[in-house]
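Here's a quick tour for anyone new to reading protein structures. Have a look at the sequence and the 3D view first, then work through the points below.

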Amino acid sequence: VQLFVMLGLAGLWEAVARSGAASPLVFPSLLAVGEAVWRSVASGELFFHLGMTATEIVVAFALAATSGVAAGLLAGLLPPVRGAIQPLLLLTFSIPMVALVPFFTIVFGLGMLSKVIFAAIYAFFPVCMNTLAGVRGLDPTLLPLARSLGARPWQVVSKFLFPACLPAILAGLEGGMSLCVIGVLATEMLASLFGMGYLLARAMTGIETAKVYGLVLVTLALAYAANRAIHAVRLQVRKETRFA
Amino acid sequence: MGRRGERGWGLLTSGLALTLLAGWEAAAAAGRLDPLTYPAPSAVAVAAWAMIRSGELALHLWPTVQAILGAFAVAAASGAALGLALAASPWLYRLAYPPLLTLYSLPKVTVFPIFMLFFGLGFTQRILYGAFFGIFPVLVNTVAGIRDVNRTLVVLARSLGMGRVQYWQKILFPSVLPMFATGLRMAFVYAGVGVLLSEMFVSASGIGQRLVSTAGSVRMTKYFVYVATVFTLFVVATNLLRWWEERLHRWRAG
């Protein structure tokens with residue numbers, strides 16, 4: 001049904017665009033959009049910038065995931081760390097971090113570094129928050145049990161703590177991935193020399209309407225793919241651990 | 001650990017923050033930090049005071065506050081209306097809710113150029129773009145709130161022979177309101193981020209525009225004043241909304 005609705009909407013869009021009722025400056029025909037995307041692909045421009053953005057997202061995500069999980073586990077186990085970090089976590093959810101983007105650009109330049117660092121910090125908080133919640137939600141007898149079985153400290157973490165928190169961690173990673181994508185794209189749109197955000201901003205200032213629509217669709221597809229990928233991992237883990 | 005203990009650790013955080021600020025100040029005083037990019041906190045405070053006295057801060061703050069409040073109002077009203085419609089009609093829910101959730105999870109920054117093409121550079125665009133950010137939490141929380149209404153209460157209302165108006169007024173509205181308030185608090189932050197982004201991308205006025213232009217100037221002192229202003233604005237507003245929200249939750253429970 002949803003497919004039909006989408007086809008219907010696309011048809012309606014095309015009809016309005018063709019009828020000349022709306023200016024092609026805001027309402028391009030789908031054909032023109034497709035053509036603009038094709039031109040961008042043919043010149044090699046699209047894949048270059050897509051690759052840059054994807055790389056930034058992956059690196060930022062890796063940084064946010066490792067540091068967020070580590071900090072979350074530490075905060076869950078050690079009350080002083082938790083006490084120090086929890087107000088900060090709550091605070092970051094109510095302040096607009098984007099206001100810091102210009103600062104990151106000034107300090108780390110227009111290249112990849114400013115995007116990766118901003119996106120990693122942006123995404124760190126939900127990962128850390130969910131990991132922390134996962135540790136706090138554990139059965140309090142689990143870790144004493146592990147120790148009484150003679151597990152070494154490292155084994156306690158890798159064999160007991162981490163697997164037990166995994167569902168919460170994965171939930172955090174899903175949120176972190178969204179923020180990574182947002183962080184990278186927003187920074188690129190504000191100040192950059194490459195990437196999908198840069199391409200979008202340039203098409204926007206040039207009022208290349210058809211290209212803007214095409215790029216928005218491609219970028220949303222990239223974000224959707226990133227979301228689906230991490231979601232699929234989460235479902236897979238859930239399925240496997242059920243039988244463990 | 002009880003609430004008291006957590007509060008004690010909260011003090012530790014404030015202490016850490018103060019130490020950090022003091023360290024920054026000391027490093028700046030010792031000439032270890034580039035004063036153009038990392039101005040001392042005291043220099044920022046002095047600049048802030050001067051900008052308050054001259055009216056410069058208020059001049060740039062006001063359009064942003066207006067746009068955020070406008071976007072927030074549009075998001076709250078349309079999110080509540082759409083949420084009610086979705087919860088009232090099962091087929092509309094099945095048809096429209098999944099795509100809306102997908103849209104919620106996608107990066108809304110990317111759509112900015114389309115808003116600009118449709119609504120130009122002005123105030124309307126900023127309000128609608130902010131509302132586009134803010135509508136989702138209101139919508140999702142309203143739907144969740146309505147679908148979560150205690151079944152016993154619904155049966156009770158029916159057996160008491162309540163009319164539609166009475167049911168809405170006595171059962172539905174009080175049950176949904178706390179969730180709705182949670183949605184509103186998130187909507188404020190989201191709508192505010194939308195407005196700021198729009199100002200940062202293309203605007204001749206507002207804090208967002210100042211953030212970009214002052215970061216690009218040689219001395220970044222003013223930039224830090226604007227960052228501190230924006231953060232304070234958001235923290236005050238969300239704490240007010242949180243206070244209201246907690247009162248509603250208590251009232252619902254008690």
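## A quick look around

Let's start in helix 1 of chain A, which covers residues 2-19 and is home to Val5(A). Keep in mind that this is a predicted model. From there we'll move on to another helix, a loop and some aromatic rings.

**A nonpolar patch on the surface**

- Val5(A) teams up with Leu9(A), Leu12(A) and Val16(A) to make a nonpolar patch on the surface, and together they offer about 330 Å² of accessible area.
- Is Val5(A) itself buried, exposed or partly exposed? Its relative accessibility is 36%, so Val5(A) counts as partly exposed.

**The two sides of helix 2 in chain A**

- Helix 2 of chain A runs over residues 30-42, which makes 13 residues. From first C-alpha to last it reaches 18 Å, close to the 18 Å you'd expect at 1.5 Å a residue.
- Which residues of this helix are buried? They are Val33(A), Ala36(A) and Ser40(A).
- These buried residues sit on the same side of helix 2 of chain A because they cover an arc of only 65° around the axis.
- Here's the rule of thumb: an α-helix has 3.6 residues a turn, so residues three or four places apart point the same way.
- Turn to the face away from the buried side and you'll meet the exposed residues Leu31(A), Trp38(A), Arg39(A) and Ala42(A).
- Just after helix 2 of chain A comes Gly44(A), with a positive phi of about 85°.

**A positive phi without glycine**

- Ile207(A) isn't a glycine, yet its phi is positive, near 45°.
- You'll find Ile207(A) in the loop between helix 9 (196-205) and helix 10 (209-242) of chain A.
- With a relative accessible area of 41%, Ile207(A) is partly exposed.

**Aromatic rings in chain B**

- Over all chains, the structure holds 23 aromatic pairs.
- One of them is the stacked pair of Tyr93(B) and Tyr97(B), at 4.9 Å centre to centre and 20° between the planes.
- Those two are about one helical turn apart, because they're 4 residues from each other in helix 4 (residues 90-105) of chain B.
- Tyr97(B) counts as buried, at 10% relative accessibility.
- Tyr104(B) and Phe136(B) also stack, with 5.5 Å between centres and 10° between planes.
- Tyr104(B) is in helix 4 and Phe136(B) in helix 6 (residues 123-147) of chain B, so this pair ties together parts 32 residues apart in sequence.
- Tyr104(B) is partly exposed at 21% relative accessibility, while Phe136(B) is buried at 3%.
- Both belong to one aromatic cluster, whose members also include Phe112(B), Phe132(B) and Tyr190(B).

Technical notes: Residues are numbered from 1 along each chain as its sequence is written. Chains are lettered from A and ligands numbered from 1 in the order in which they are written. This is a predicted model: local features need pLDDT of at least 70, side-chain atom pairs count only at pLDDT 80 or more; totals for chains, interfaces and linings use all residues. Side-chain values use heavy atoms; hydrogens and water are left out. The expected span of a helix is 1.5 Å times one less than its number of residues. Buried means under 20% relative accessible area, exposed over 50%, partly exposed in between (1.4 Å probe, protein chains only). The arc is that of the directions from the helix axis to the C-beta atoms. Patches are made of residues with over 30% relative accessible area and no salt bridge: like charges are joined within 9 Å, nonpolar side chains (Val, Leu, Ile, Met, Phe, Trp, Tyr) within 5 Å. Accessible areas come from the Shrake-Rupley method with a 1.4 Å probe; for residues, only the protein chains shown count as cover. A salt bridge is a side-chain nitrogen of Lys or Arg within 4 Å of a carboxyl oxygen of Asp or Glu. Rings of Phe, Tyr and Trp (its six-membered ring) pair if their centres lie within 6.5 Å; planes under 30 degrees apart count as stacked, over 60 as edge-to-face and the rest as tilted.
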